[in-house]
Structure formats: C-alpha cells, structure tokens
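Load the model in your viewer and keep the selection panel open. The stops below go through the chains one at a time, then the cores, then a few backbone details.

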Amino acid sequence: MIYLDYNATSPTDPRVVKTMTPYFYDISANPSSTHSAGYKARNAVDHARKNLADLLHSRIDEIYFTSGGTEADNIAIKGTAFAQEKRKKIITSAIEHHAVLTTCDYMQKFGYSIVEVPVDQYGIIDLEFLKTHIDENTLLVSIMHANNEVGTIEPIQEISKIAHRHGAIFHTDAVQTVGKIPVDVAAMEIDMLSLSGHKFYGPKGVGALVVRKGIRFDPLSHGGHHEGGKRAGTENVPGIVGLGKACEIAAHEMSADEKRLKKLRDRLWNGLNNKIPELKLNGHPDKRLANTLNFSVRYIEGESMLLQLDAQGICASSGSACTSGSLEASHVLLAMGVPHDMAHGSLRFSLGKFNTESEVDKVIQILPGIVEKLRVISPLYKHKE
Amino acid sequence: MQYSQKVMDHFMNPRNVGELTDADGTGTCGNPVCGDLMTFYVRISPRIDDLKKARIVDIRFKTFGCGAAIAVASMASEMAKGKTLSEVIEMSREDVADGLDGLPPIKMHCSNLGIQTIQEALKDYLTKIGRQDLAAKIKGCPKQEGKSTKANNK
C-alpha cells in the first residue's frame, strides 16, 4: 500500500508507540491519585505538557489537553463566547475545517452573528475584507493556520494584529501546521491555538488547546479539577504521553522532514503534470505546506479516480461531492472560485515522512492510465475534441 | 462508504461504454455542477412506434461522475439492452440499484440516473419519428437535475 493521505491522519511513529506502551499497564494509575503510582502518571502528563510548550513557545500552564482538534476548536469558540456577554460577532473564514464552521453556525442560536472572510484563488484570506468587517462587537477571529485540503498557509500574524487592534481574541486551528512548520504562539501573537496529535505521527484521540494567559473561557465539560478546571475528566495518559513524544520528535526533525517532503511533493507534481494534460494546481504555489499537493483533473470526477487508485493500492483524497458524504463539492475549492466540475475532479496527495521516492514514482506511473481510462468514458471530454 | 462487489465490478469494467454514430435516440441527464452527468445512445429495431414491438438493440453511454454513476450507467445499459420500449419505460431507478445489490443511500438520487437517461433517449427517438404524444408521457430526466441536451463544457 502507498499511503498518501497524511493530512487525514498519519501513522503513529514507532518511537511514539514505544513511549506510550508502559502507560497502559505498568504506569496506569490516575494522575489525580495520592500515591506514588499516581505521581508517576502525573509526572508523565507534566513532562508531555512541557514538550508541547517547548515546541510552541508557550508557557506550560497555557496547554490544555483535549481529545483532539475538533474538541479544541469547540472549546475555543464556545468557551470564549460563554465566558462573556458583550461582544456578539465571530469572524471566521470560508475555508475553515467543519470543526470551526459548524461550531460557528451553532453559535447563531445564542445570538452571535458569523462573518466568513472570503479567500482569493489561492486560498489566502482577504485581509481588506477582514479589516472592514471587524469592529468593537467582534469577540473572536478564528482563522486556520494552514488549510487541510490545499495546504495554503494564512498570514496569521497579520490577522492577529488586526484582531487585537479591535480587542478581539485571535484563535487559529493549527491542526495541519503544528509538528510540520514552526509555530510560536508568543511571537505570532496567537491567543488560542488548536492542535491534534494524529496529524503529526502522534496517537489519535488526543490534542490540545493552547490559551495565552489572560484569555477568559468557560469549560465545556464540567466535573473534576483536571486541566485547571477547564476540561474535566481523567486524563488520557497514554495519549498525552504519545502527543508529548510526537512534539519532542517534531522539534528535532520537522525542518529536515519539510525539506525532503517538498522535494518529493514537487517530484510528484512535475511527474504528473508532464504526463497528464490539463491538470490545474489548487492552492498557493509557494505559501503552502510542503507535503500537500491538490490539483484538478479536467473532465473527470474525483471519487472515480480514488477508487481506481485504491484498486492499485494507492490511498489519496478528493474534494468531490461523492467523497464528502454530502451532495456538495469541497467548500474550500468552491470558495477559491474553482468551478464545480473542477472541484469534483480534484485529487489531494498529502505526503508524510514515511513516504519514499519510489512510492511517488509509482503514482506517476499509475495515475496517467487511470485518467486516460476515465476521460475516454467522460461526455465532457468528448466535447473538447 | 463502501460499494457492493457488483458496483465495483461494473465500475472497474463498465459495459457498453462509448457512442453510437447515427443513434436513433440520445439523452443526457444530470450536470457537472452536481457532479454526475451521463449521455446514452440507443439503436431501435424495428424503427416503429409500437412500444411493445420496438426494441433497444444496441446501447452505449458516457459518464462523468463518481463510481456509483459509472456502475449505474453500465448496469442500466445491460438491463435495457434487448428489451422493448414499453419494458424499459416501466423500469425504475430502484430496479437498477437492486441489480447492483444496493447503493449507498446518498447515491440513490444524485448518481442513479441510468434508467431516466435511457428513457430520455427513448423520448428523443419517439420525437424524431413524429410521436411527440408518446414522448410526452415518458418522464425522462428527473426534474431537480434539470435537463441538459448538450454536455456543457466551460
């Protein structure tokens, strides 16, 4: 199998698995317990918290462990809203993950107005639009660091400056960037940041919300005193330990990984683009995650390509409606102005550190035949000739 | 979401793919906006207006769409081939889905256009031989998808 769907999830690094393993049985006490077994578990959680703080340049007490990116996004949006009553506007973007968009939609029930900032053809936020729509009624600006579908990296430092000028809180869903590119919450002036372990070789079911000191937010789950009273429930110790280890590895290796992945990704794109006519790259040419390649194949539909690729052992992703579980093509591509047929015909290859050059070459060898086969049976292709 | 083995078989090896030059009837349903579009070409023999005697003797299709759309078109083409026009007019999208051992619920409406598109081609045939009255009784393309006579290509 050739796995090229790392933006969906990554396999857990064997070093992470090894670090986690003792915490299922040998060191399995409750970190809140008053006995030496409990202290060991507590120390492990504290150590992981330090790993995260080191990677993100935050304070240790600014890290709140969650079940993943989606929960972190939920706490950031609902938690800040429920902690105040004055400001009633939330600004987000048209290309956010559903974890943010659906949560924002829900907040309308509580009297919040939601503004979605449009993006340009590359998926970059329209800063002028943001500037004209932000005001003293804006509670929160939530804009992702990098987009999961096309990989475009947003100018979040500029966005946070605009937010702060109006006294708004700046939250970023950094699920696709933490562990892949440098993130410095202090230097980038990020008030709240969501991250997820399984996107960068950590385990599934664990993530974190980073909240800078002084930002007020209510918990969503009430109960014990876990996570500073902000997220009740016994800690997922093995998961947290694994997330900490993934952060420690990323701090050392992500820069080298990024360089290697960019080469691999560009090799894939150049190889495919040379062999297959009428491809169109989606996403920003440069301001883009090094591992992400999203393009549209004219005249054919994405799910058909995915099924054919899968039949040959290649795992990828598409923005076609057929793969979304809804009847709409990717909201990200449509927001970027990609025509419907081209959005349905999109493919995403997202690479990771376990991919090799020979895997990429295999895809370059296999995909052109699949495209040709599907184009021959496409009524759109006929009309082109 | 996983497809049945029959869907995968028809998707990987679609039957009756292509076009018929000088087809007696052609029909196109769906559009690229919703992600599924198909065109059917039929040859009728004998070329008469007796729905119980005239048969589809040859059939071809082209599809832009997901795996289900391609499998549906292939299955519908097999089911319609050799049948009389009245038999094909009686067929429904459920018959095609059953023939494929079922389709995921979300595919039932968007992708399951095979039979309607063949019926659209029969409307075209009946219109061409001057029986607009008979053509008008056939439903053809589902309303919500609209009817595009030409695959439009931006």
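Select chain A, which holds 12 helices and 12 strands; helices (H or I, at least four residues) and strands (E, at least two) are DSSP runs numbered from the N terminus. The radius of gyration of chain A is 22 Å, close to the 21 Å that the globule rule gives for 385 residues, so chain A is as compact as a globular protein of that length. That radius is taken over C-alpha atoms, and the rule is 2.2 Å times the number of residues to the power 0.38. The model is predicted: local features need pLDDT of at least 70, side-chain atom pairs count only at pLDDT 80 or more, and totals for chains, interfaces and linings use all residues. Residues are numbered from 1 along each chain as its sequence is written, chains are lettered from A and ligands numbered from 1 in the order in which they are written, and side-chain values use heavy atoms, with hydrogens and water left out.

Stay on chain A and draw its box along the principal axes: the C-alpha atoms fill roughly 75 × 50 × 35 Å. Of its 385 residues, 60% are buried, where buried means under 20% relative accessible area, exposed over 50%, and partly exposed in between (1.4 Å probe, protein chains only). Turn on the surface: about 15200 Å² is accessible, and 53% of that belongs to carbon and sulfur atoms. These areas come from the Shrake-Rupley method with a 1.4 Å probe, and for residues only the protein chains shown count as cover. Of the contacts in chain A with a separation of 6 or more, 72% are between residues 24 or more positions apart; contact means heavy atoms within 4.5 Å.

**Helix α4 and strand β3 of chain A**

Select residues 98-107 of chain A, helix α4, and colour A:A99, A:V100, A:L101, A:T103, A:C104 and A:M107, which are buried. What do the buried residues of α4(A) pack against? The partners, in chain A, are α3 (69-82), β3 (89-93), β4 (113-117), β5 (138-142), β6 (169-173) and α9 (331-335).

Go next to A:I91, in strand β3 of chain A. A:I91 counts as buried, because its relative accessibility is 0%. Residues up to four places away in sequence aside, A:I91 touches A:V115, A:V117, A:L130, A:H133, A:I134, A:T138, A:L140, A:V141 and A:S142.

**A buried arginine**

Select A:R348, found in strand β12 (residues 346-350) of chain A. Is A:R348 buried or exposed? At 8% relative accessibility, A:R348 counts as buried. Beyond residues up to four places away in sequence, its contacts include A:D5, A:N148, A:E149, A:N294 and A:S317. Measure across to A:V141, 207 residues away along the chain: the two C-alpha atoms are separated by 28 Å.

**Chain B**

Switch to chain B, with 7 helices and 3 strands. Along the sequence the pattern is α-β-β-β-α-α-α-α-α-α. The radius of gyration of chain B is 14 Å, close to the 15 Å given by the globule rule for 154 residues, so chain B is as compact as a globular protein of that length. Its C-alpha atoms fill a box of roughly 45 × 35 × 25 Å along the principal axes, and 56% of its 154 residues count as buried.

**Cores**

Show both chains and select A:L268, A:L272, A:F295, A:F349, A:L367, B:I56 and B:I118, the residues with the most contacts inside the largest nonpolar core, which has 71 residues. Such a core is a set of buried Ala, Val, Leu, Ile, Met, Phe, Trp, Tyr and Cys residues joined through side-chain atoms within 4.5 Å. Its largest share, 9 residues, comes from helix α2 (residues 67-80) of chain B. Another core, of 64 residues, lies apart from it and includes A:I95, A:V115, A:F170 and A:A246.

**Backbone details**

Most residues other than glycine have a negative phi, and most peptide bonds are trans. Zoom to B:S45 and B:P46, joined by a cis peptide bond with omega about -10°; B:P46 lies in the loop between β2 (36-45) and β3 (55-64) of chain B. Then select A:H57, whose phi is positive, near 60°, in the loop between α2 (36-56) and β2 (63-66) of chain A. A:H57 is partly exposed, at 47% relative accessible area. Finish at B:D22, with a positive phi of about 55° and a relative accessible area of 69%, which makes B:D22 exposed.
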